[in-house]
Amino acid sequence: MLFDNTDFSSLELPKHVSELRREVRDFLDDERRQGSFRVHLGHGEFDAEFSRKIGSRGWIGITWPRKYGGHEGSYLERFVVTEELLAAAAPVAAHWVADRQSGPSLLRWGTDAQRQKYLPVIAKGECYFAIGMSEPNSGSDLASVRTRAEKVPDGWKLTGQKVWSSWAHRAHAMFVLCRTSPLGEKKHEGLSQFIVDLPSPGITIRPIRFLNNEHHFNEVFFDEAFVPDEMVLGEIGQGWRQVTSELALERSGPERYMNTLPLLLAVIDRLKTSPDRMARVMIGTLLARFASIRTMSLAIATQFSRETTPNLATEAALVKDIGTHFEREVTEAVKMLFEVTPAADSDDEFERLLGEATIFAPISTIRGGTTQILRGIVAKRLEGAV
Amino acid sequence: MNDSALLQDAVSRVFLDFYENDRLNKARRDGWCAELWAALEETGMTLISVPESAGGSGGSVVEAAEVIRLGGKYCASVPLAETALLAGWALAGAGIALPSGPLAFGIVGRPNQVELHRREGAWRFSGSMDHVPWARNASAIVLVIGSDADSKVICAPASTYQVERHANLAGEARDRIVFYEAKLEDAYVRATASITADRALQRGALARAVQMSGALDRILEMTTQYAKQRAQFGRPIIKFQAVQQELARLAGEAAIAKASAMAAAASVMADYRANTAVAFAKIKAGEAAQAGASIAHQLHGAIGVTDEYLLHHSTLRLWAWRSEYGSEAYWADRLGEYALSRGAATVWDEITGSVGDQK
């Protein structure tokens with residue numbers, strides 16, 4: 001009923017993809033040795049210099065056409081690069097949204113001028129995007145957004161408020177989902193997307209501090225902010241279809257289940273010297289869960305590398321649900337295995353990782369579709385399938 | 001439809017003919033379903049993945065896994081995995097002629113101690129084995145003894161052992177067999193390096209993992225259908241979010257079990273990191289069996305625990321298969337020991353490795 005057309009028994013990676021993995025791993029080993037970054041769990045660190053290094057190696061915009069600065073690689077190449085960056089907990093926050101969400105949307109819906117303007121600089125690791133979707137009264141019920149865009153000569157005027165826009169205060173641009181015709185009976189209609197350069201007149205960005213007082217979330221206010229016609233993304237009125245079109249890849253990627261993997265790997269090295277049976281069983285169990293989730297995720301990436309747009313949104317919802325819960329199981333298992341005090345400010349890397357994993361735990365099952373919404377999506381599909 | 005879909009479609013029809021309560025209950029009393037075995041023999045499925053040169057039906061381990069998975073889905077009480085994936089494999093590898101009929105399979109080692117020695121120019125062996133699948137129905141049992149250099153494959157006809165009838169939770173024959181100075185000619189005992197007790201255990205665990213994934217698919221179907229039909233408070237219970245949430249979790253367990261089981265089948269077929277892949281699959285399938293069966297029962301309410309309703313044929317099997325060929329705890333212990341003795345870098349390599357990386 002799910003994964004009906006998925007072949008889990010032919011997921012071998014082509015040789016050049018394995019070689020690419022090795023290349024990324026060697027690069028990351030070198031960087032760590034030079035102390036260019038430290039392992040950090042959670043949202044990932046914003047590090048423009050690191051993003052430029054990643055970009056110069058061709059690891060941003062991997063699947064995009066060369067004429068837009070991409071590398072015409074496969075989804076499997078993207079998959080292994082993502083895996084290695086996350087396993088190393090590398091500081092990828094700066095280019096993350098642009099690479100995995102904004103870039104693909106520009107390719108699919110953008111005009112040639114929009115692509116020319118943004119994609120090559122994104123691929124270089126020099127241009128960063130933020131997301132303007134959620135609003136104070138529109139979380140899971142995204143179609144209820146109220147930020148509106150009014151037609152004016154040569155463009156649109158945006159008025160309203162967006163929230164949870166990660167790194168908007170350091171981004172060069174953001175996509176804003178707006179209502180372009182009044183809320184009617186079909187609330188998925190009348191929505192449109194706009195590209196807004198940041199900063200711009202009429203736009204105010206204010207921090208929403210995370211529970212540990214860190215600043216990555218923002219609220220973004222639009223006060224009749226002008227957006228020229230050529231910055232409409234895709235078609236007016238097609239915003240809903242556009243924002244939901246990339247969900248299969250967004251919800252099934254390694255970033256949905258790998259956020260605490262560096263902690264698990266650290267535990268394995270720490271336990272190496274004196275494993276008892278409980279430790280062995282717990283580690284074995286976690287590895288089996290991880291590997292099985294990864295198989296589903298890899299199967300989806302593989303299907304994307306073979307077909308143009310496989311319909312796997314429900315499967316992806318399921319991967320995200322299981323994957324995000326797995327991340328927490330790692331943290332809990334560690335707490336059963338060690339008498340260790342989680343402390344985000346500790347000099348001891350292990351205490352610090354555990355502290356970060358604990359603090360960031362609530363986020364992954366909320367952002368990008370809550371557990372409850374995802375399970376609703378899966379149940380709806382089941383209801384229609386039998 | 002591609003070849004694999006055609007095969008699955010044809011096999012499903014054979015299994016479905018026997019998937020109804022009276023026949024399943026009869027199989028539970030008898031320990032197996034003789035008519036289903038006969039129907040499967042006609043299709044050649046009972047020797048799938050055994051090379052044609054050795055008297056088998058050919059086909060890959062992955063194809064065999066797909067067929068065995070469907071057997072798990074439709075509660076097939078027959079030694080399909082034992083005959084094709086285990087006994088057939090061992091006999092073909094050891095160069096022993098394949099007897100006709102259903103075959104039982106056993107791995108000798110603790111706690112199944114069978115002594116093998118030579119007397120008067122022939123092999124003799126004594127000892128007993130517990131929980132042997134379908135020993136009472138088999139024309140012969142194939143045993144694998146030992147590891148690496150000193151492993152042996154034995155093919156012992158049913159006349160050489162006594163059977164004491166036992167069953168697993170689902171009523172599938174899991175007999176105790178006793179050998180007492182059983183005599184076997186040299187042709188039935190072969191030393192072989194490639195067929196080891198450990199590889200046999202691996203294949204057994206793979207078989208149970210794919211069977212469990214099949215059974216999980218079935219209980220997901222049943223539970224979804226039930227939730228759509230069953231009305232309470234004036235509407236089908238599937239309309240309640242609390243029910244939808246649980247149903248989605250069940251779908252997740254079924255999907256992840258299938259993913260890891262079929263990935264393990266590919267690893268066994270390629271003989272590449274098979275130990276790790278099978279450990280992943282057996283652990284995950286076992287966990288999914290527990291979580292999935294309990295959701296299926298919860299959503300069915302009391303009707304699900306009655307003898308007249310089909311659900312228990314699947315859930316009893318899930319609970320039984322979980323502990324056969326190594327429980328989750330067994331495989332997790334092994335896997336954990338391996339991981340902790342090698343360290344994180346090797347573990348990451350092992351998980352992300354691909355068949356193509358083989359040196």
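Where in chain A is A:Pro199 found? Select A:Pro199 and look along the backbone: the residue sits in the loop between β5 (191-197) and β6 (203-209) of chain A. Keep in mind as you go that this is a predicted model.

**Stop one: a peptide bond in chain A**

Now add A:Leu198 to your selection and show the backbone atoms. The peptide bond from A:Leu198 to A:Pro199 is cis, with omega near -10 degrees. That deserves a look, because most peptide bonds are trans.

**Stop two: two helices in chain A**

Stay in chain A and select residues 261-271, which form helix α8, together with residues 313-337, which form helix α10. These helices pack at an angle of about 25 degrees, and their axes are 9 Å apart. Angles under 35 degrees count as roughly parallel, so α8(A) and α10(A) are roughly parallel to each other. Turn the view until one helix lies in front of the other, and you can check the handedness: the crossing is left-handed.

Next, show the side chains where the helices meet. From α8(A), pick A:Leu263, A:Leu264 and A:Val267. Their partners in α10(A) are A:Val330, A:Thr331, A:Val334 and A:Leu337. Colour this set by residue type and you will find six nonpolar residues, one polar and no charged.

**Stop three: strand β3 of chain B**

Move over to chain B and select residues 122-133, which make up strand β3. Within this strand, pick out B:His131. Its phi is near 55 degrees, a positive value in a residue other than glycine. Most residues other than glycine have a negative phi. Is B:His131 buried or exposed? It falls in between: B:His131 is partly exposed, because 19 other C-beta atoms lie within 10 Å, and a buried residue needs 20 or more.

**Stop four: strand β7 of chain B**

Finally, select residues 174-184 of chain B, strand β7, and find B:Glu181 there. This residue also has a positive phi, near 45 degrees. B:Glu181 counts as exposed because there are 11 C-beta neighbours inside 10 Å.

Step to B:Tyr180, which lies in strand β7 of chain B as well. With 12 C-beta neighbours inside 10 Å, B:Tyr180 counts as exposed too; the cut-off for that class is 12 or fewer. Before you leave, select B:Tyr161 and draw a distance between the C-alpha atoms of the two tyrosines. B:Tyr180 and B:Tyr161 are 19 residues apart along the chain, and their C-alpha atoms are separated by 7.4 Å.

Technical notes:
Residues numbered from 1 in each chain as written. Chains lettered and ligands numbered in written order. Predicted model: local features only at pLDDT ≥ 70, side-chain atom pairs only at ≥ 80, totals over all residues. Helix = DSSP H or I, 4+ residues; strand = E, 2+ residues; numbered from the N terminus. Axes fitted to C-alpha atoms, helices over the stretch in contact; angles between N-to-C directions. Parallel < 35°, antiparallel > 145°, perpendicular 65-115°, else oblique. Left-handed = near helix turned anticlockwise from the far one by under 90°. Contact = placed C-beta atoms within 7 Å. Nonpolar A, V, L, I, M, F, W, Y, C, P; charged D, E, K, R; others polar.
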